[in-house]
Amino acid sequence: MHCQTLVLGAGIVGVSTALHLQARGRQVILIDRDEPGSGTSHGNAGLIERSSVIPYAFPRQLSALLRYGLNRQPDVRYSLAHLPKAAPWLWRYWRQSAPGRLAGAAADMLPLVQRCVDEHDALIAAAGLEGLVQAKGWIEVFRDPALFEQAKTDAKGLSRYGLRFEILECGQLQAREHQLDATVVGGIHWLDPKTVNNPGALTRGYAALFLQRGGQFVHGDARSLRQANGQWRVESRRGPITADEVVACLGPQSADLFSGLGYQIPLAIKRGYHMHYSTRDGAQLEHSICDTQGGYVLAPMARGVRLTTGIEFDAASAPGNQIQLGRCEALARKLFPALGDRLDDTPWLGRRPCLPDMRPVIGPAPRHPGLWFNFGHAHHGLTLGPVCGRLLAELLTGEPPFTDPAPYSATRFD
């Protein structure tokens with residue numbers, strides 16, 4: 001088999017990239033060892049996060065560092081055995097989270113975040129997936145009055161980004177989500193984001209659109225990628241596939257490919273879990289809810305209410321555990337007393353691909369003509385998949401890019 005462009009990885013980023021290349025006339029084969037949307041794209045909180053204009057930064061306050069150092073917080077947990085290996089990356093992350101550098105990261109990410117909903121909307125309409133998406137936004141809730149007051153100030157400070165939000169005092173929040181516990185002091189309803197009730201199904205729907213438009217999906221192993229005689233070759237279940245160009249959209253597995261080619265890109269993994277729950281007595285959760293102090297999200301999904309946890313630092317291959325999920329579940333049952341029984345046999349474990357400067361890698365591989373990268377989207381793979389797929393396709397086909405791609409270049413780590 002031969003094609004013009006081979007896209008490695010059928011998560012939301014890879015499928016979106018394949019669709020955008022296809023729309024620009026490229027003959028594309030999409031390859032993955034699993035089915036589309038089976039990895040990290042399946043297990044997230046289902047937010048198309050237009051309001052996330054400030055990247056998730058490493059805490060800088062001494063009090064927060066001491067609190068996290070005790071390793072008892074629900075939002076961030078670490079494996080003591082993994083900490084020595086993670087420490088150099090965490091140090092770089094901490095340095096990049098200084099106020100000036102964080103502001104630079106926010107400015108660089110803004111063109112992507114601003115277009116995220118529009119790019120999704122176009123694919124949703126083309127694929128007929130409107131039933132998976134709601135335009136209700138999500139609600140950030142607070143259990144501490146001081147934190148709520150600070151959040152109000154912070155939200156008003158984001159007005160320059162054109163974000164729509166409503167500040168909900170206690171009674172207003174209860175009217176909007178009357179199943180929440182009365183001890184919640186208030187919330188902020190972010191109105192611009194959209195929510196997806198089955199993120200894996202959304203990715204599979206995009207993949208079906210790619211096939212409908214004449215693309216091919218093949219099972220294979222991206223780690224078999226080799227270059228010979230000016231072409232790229234990958235082994236698949238249908239035999240070897242050769243291509244003039246390859247785009248690596250492998251998310252948390254990206255290092256398996258680029259490290260073998262000699263690239264020293266500081267990609268790390270932030271692990272996270274999810275579990276689905278029933279609700280008691282027919283109760284419904286109307287919006288996705290983020291407990292800021294607890295660092296988890298409760299989201300109404302097709303399967304039930306999904307609880308997604310914050311960050312766990314551990315080896316990517318380490319077995320899952322229920323420590324963080326247990327901490328978050330205890331808080332969630334107080335916040336939303338109607339939370340019922342677990343519906344999954346075991347927690348789902350996902351791996352978020354993160355870079356310390358809080359920007360993805362999008363663009364050509366510096367030392368390998370015909371090889372392109374599109375990975376490292378951290379907590380926002382679902383949010384940024386279509387818009388980053390568009391940017392990559394514009395660069396690869398020589399079309400003027402909608403934004404300056406320099407901040408996302410792999411050369412920044414040379």
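# Salt bridges and a two-domain interface

Arginine 77 is buried, at a relative accessible area of 11%. The model is predicted. The arginine does not sit there unpaired: arginine 77 makes a salt bridge to glutamate 312, and their closest N and O atoms are 2.7 Å apart. Arginine 77 belongs to strand 4 (residues 76–78) and glutamate 312 to strand 18 (residues 311–313), so this pair ties together parts 235 residues apart in sequence. Glutamate 312 is buried too, with 0% relative accessibility. The cut-off for buried is under 20% relative accessible area, so both partners qualify.

## Further salt bridges

How many salt bridges does the rule count? The count is 23. Another one joins aspartate 344 and arginine 303, with an N to O distance of 2.7 Å. Both residues are in loops: aspartate 344 between strand 19 (339–342) and strand 20 (348–354), arginine 303 between strand 16 (296–301) and strand 17 (304–308). The pair links distant parts of the chain, 41 residues apart. Here the two ends fall into separate classes. Aspartate 344 counts as buried at 16% relative accessibility, whereas arginine 303 counts as partly exposed at 46%.

Arginine 412 and aspartate 357 form a further salt bridge, with closest N and O atoms 2.5 Å apart. Arginine 412 lies in the segment after helix 10 (381–397), and aspartate 357 lies in the loop between strand 20 and strand 21 (361–364), so the bridge ties together parts 55 residues apart in sequence. The arginine is partly exposed, at 25% relative accessibility. Aspartate 357 is buried, at 8%. Elsewhere, salt bridges that share partners join six residues into one network: Arg24, Arg115, Glu119, Arg390, Glu394 and Glu399.

## The loop between strand 20 and strand 21

Aspartate 357 is not alone in this loop. Methionine 358 is found there, and so is arginine 359. Methionine 358 has a positive phi, near 65°, though it is a residue other than glycine. Arginine 359 uses a polar side-chain atom that lies 2.9 Å from the backbone oxygen of aspartate 357.

What surrounds arginine 359, leaving aside neighbours within four places in sequence? Its contacts are Gln96, Arg101, Gly104, Ala105, Asp108, Met109, Gly376, Pro407, Tyr408 and Arg412. Arg412 is thus a contact of arginine 359 and also the salt-bridge partner of aspartate 357. Phenylalanine 375 is 16 residues from arginine 359 along the chain, and their C-alpha atoms are separated by 9.5 Å.

Aspartate 281 also has a positive phi, about 55°, and is not a glycine. That residue is in the loop between strand 14 (268–279) and strand 15 (288–291).

Histidine 120 sits in a helix, namely helix 4 (residues 99–127). Not counting residues up to four places away in sequence, histidine 120 touches Ile12, Ile48, Leu202, Tyr206, Leu382, Thr383 and Pro386.

The table sets out the accessibility of these residues.

| Residue | Relative accessible area | Class |
|---|---|---|
| Histidine 120 | 0% | buried |
| Aspartate 281 | 83% | exposed |
| Methionine 358 | 13% | buried |
| Arginine 359 | 11% | buried |

## How the domains meet

The domain assignment splits the protein chain into discontinuous pieces: domain 1 covers 2–43 + 200–266 + 357–413, and domain 2 covers 60–98 + 129–196 + 267–354. Their centres, taken over C-alpha atoms, are 29 Å apart. The contact takes 25 residues from domain 1 and 22 residues from domain 2.

Interface size is often given as the accessible area lost when the parts come together. Domain 1 and domain 2 bury about 1800 Å² between them, with 69% of it on carbon and sulfur atoms. How many salt bridges cross this interface? The rule finds zero. Polar contacts do cross between the domains: seven residue pairs, both members at pLDDT 80 or more.

On the domain 1 side that touches domain 2, helix 7 (199–212) and helix 8 (254–258) each supply at least two residues. Helix 7 gives the largest share of that side, four residues. By type, the residues of this side divide into 13 nonpolar, 10 polar and two charged.

Terms used: Residues are numbered from 1 along each chain as its sequence is written. This is a predicted model: local features need pLDDT of at least 70, side-chain atom pairs count only at pLDDT 80 or more; totals for chains, interfaces and linings use all residues. Side-chain values use heavy atoms; hydrogens and water are left out. A salt bridge is a side-chain nitrogen of Lys or Arg within 4 Å of a carboxyl oxygen of Asp or Glu. Buried means under 20% relative accessible area, exposed over 50%, partly exposed in between (1.4 Å probe, protein chains only). Domain bounds come from an automatic or database domain assignment. Contact means heavy atoms within 4.5 Å. Buried area is the accessible area (1.4 Å probe) that two parts lose on being put together, summed over both. A polar contact is a pair of N or O atoms within 3.5 Å; within protein, one must be able to donate a hydrogen and the other to accept it, and residues adjacent in sequence count only if both atoms are side-chain atoms. Ala, Val, Leu, Ile, Met, Phe, Trp, Tyr, Cys and Pro count as nonpolar, Asp, Glu, Lys and Arg as charged, and the others, Gly among them, as polar.
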